[in-house]
Amino acid sequence: MKTTRYVAREPDAQGRIHYPDAEHAVWQTLIERQLKLLDGRACQEYLDGLDQLALPRERIPQLGEINRVLAATTGWQVERVPALIPFQRFFELLASKRFPVATFIRTPEELDYLQEPDIFHEIFGHCPLLTNPWFAEFTHTYGQLGLNASKEERVFLARLYWMTIEFGLVDTPAGLRIYGGGILSSPKETLYSLSNEPERQSFDAMEAMRTPYRIDILQPLYFVLPELKQLFDLAQQDIMAMVREAMHLGLHQPKFPPKAA
């Protein structure tokens with residue numbers, strides 16, 4: 001497993017996490033600049049979830065605040081985890097309808113990008129859609145499948161997660177919109193993903209699994225769902241059969257240069 005210099009904050013005896021003022025200020029900077037970009041770019045299901053969560057702007061929310069809303073909508077919860085967790089733990093949590101949230105926030109020096117998923121990425125990027133039953137069902141099914149998958153199968157499942165939950169787009173009557181949390185927590189990628197620069201393809205689960213990606217660049221390709229409900233429909237299909245077929249067919253050529261050594 002990779003290492004990180006970030007350390008997740010521990011809760012007190014009452015379950016509350018105490019963040020210093022400087023970290024609350026980072027949250028406020030992140031959320032205020034991202035909220036300005038969402039109108040006309042984020043999908044309606046995400047915006048509806050954001051309204052339900054009613055995230056504070058001036059401070060990092062407590063996980064209990066998020067859990068009250070998720071419990072009342074889809075039965076999900078968030079769970080505090082260290083900065084990085086193994087694949088096995090990740091799938092165990094999703095399979096039990098618990099979404100991992102590392103209780104640290106990026107430093108001002110890494111405001112625009114960091115490789116580790118911090119509390120802003122997890123709460124602002126993903127939790128609004130966990131109030132949506134279609135998205136929640138797909139995420140739950142994904143966790144159950146990953147829990148029982150082999151190491152090789154998990155690599156292909158990871159690409160499916162990346163191309164949907166992290167970096168997915170959806171077609172709507174109002175136009176192209178974002179639902180992926182990796183995009184919605186990044187101002188640069190929010191603008192870039194809907195611009196004329198990247199390539200976009202109609203969503204195909206097996207194609208998504210066969211598409212290489214890099215985590216440290218703007219994505220050269222995004223997959224577009226015809227509607228968010230397709231994630232729910234996909235959860236009812238034999239995804240592992242698709243994984244095995246994707247493994248048999250192999251990966252496509254990368255659409256990006258190799259990472260410098």
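Tutor: A crossing counts as left-handed if the near helix is turned anticlockwise from the far one by less than a right angle, and as right-handed if the turn is clockwise. Keep that handy for this predicted model.

Student: Okay, how does H4 pass H7, left-handed or right-handed?

Tutor: The crossing is left-handed, so with H4 in front, H4 is turned anticlockwise from H7 by less than a right angle.

Student: And what makes H4 oblique to H7?

Tutor: The axes of H4 (residues 87-95) and H7 (residues 151-166) cross at roughly 60 degrees and come within 13 Å. Parallel needs an angle under 35, antiparallel one over 145, and perpendicular 65 to 115, with the rest called oblique. Roughly 60 fits none of those ranges, so H4 is oblique to H7.

Student: Which residues make that contact?

Tutor: H4 brings Phe87, Gln88, Phe90, Phe91 and Leu94, while H7 brings Arg154, Ala158 and Tyr161. By class that gives 6 nonpolar, 1 polar and 1 charged. Arg counts as charged, and Gln falls among the others, which means Gln88 is the polar one here.

Student: Now H6 and H7: why are they called roughly antiparallel?

Tutor: H6 (residues 133-148) packs on H7 at about 165 degrees, with the axes 10 Å apart. The cut-off is over 145, so H6 and H7 are roughly antiparallel. This crossing is left-handed too. On the H6 side, the contact involves Phe135, Phe138, Thr139, Tyr142, Leu145, Gly146 and Leu147. H7 answers with Arg154, Leu157, Ala158, Leu160, Tyr161, Thr164 and Ile165.

Student: How many residues of that contact are polar?

Tutor: There are 3 polar, next to 10 nonpolar and 1 charged. Gly is put with the polar ones by this scheme, so Gly146 joins Thr139 and Thr164.

Student: What makes H1 and H5 roughly parallel, then?

Tutor: H1 (residues 21-38) and H5 pack at about 30 degrees, their axes 11 Å apart. That is under 35, so they count as roughly parallel. H1 passes H5 in a right-handed crossing. Trp27, Leu30, Ile31, Gln34, Leu35 and Leu38 of H1 meet Ile119, Phe120, Ile123 and Phe124 of H5. The tally is 9 nonpolar, 1 polar and no charged.

Student: Which residues does UniProt list for "binding site"?

Tutor: The unreviewed UniProt entry lists His121, His126 and Glu166.

Student: How do you know that they cluster in space?

Tutor: They are spread over 46 residues of sequence, but the largest C-alpha distance is 10.1 Å. From this set, His121 and Glu166 are in the lining of the largest pocket. His121 sits in H5 (residues 119-126).

Conventions
Residues are numbered from 1 along each chain as its sequence is written. This is a predicted model: local features need pLDDT of at least 70, side-chain atom pairs count only at pLDDT 80 or more; totals for chains, interfaces and linings use all residues. Side-chain values use heavy atoms; hydrogens and water are left out. Axes are lines fitted to C-alpha atoms, for helices over the stretch in contact, and angles run from 0 to 180 degrees between N-to-C directions. Helices (H or I, at least four residues) and strands (E, at least two) are DSSP runs, numbered from the N terminus. Contact means heavy atoms within 4.5 Å. UniProt positions are given in the numbering used here, feature names are shortened, and annotations may be inferred rather than shown by experiment. On a 1 Å grid over the protein atoms alone, a cavity is a set of points where a 1.4 Å probe fits but cannot get out, and a pocket is an open set with protein on both sides within 12 Å along at least five of seven lines; lining residues have an atom within 4 Å of a point.
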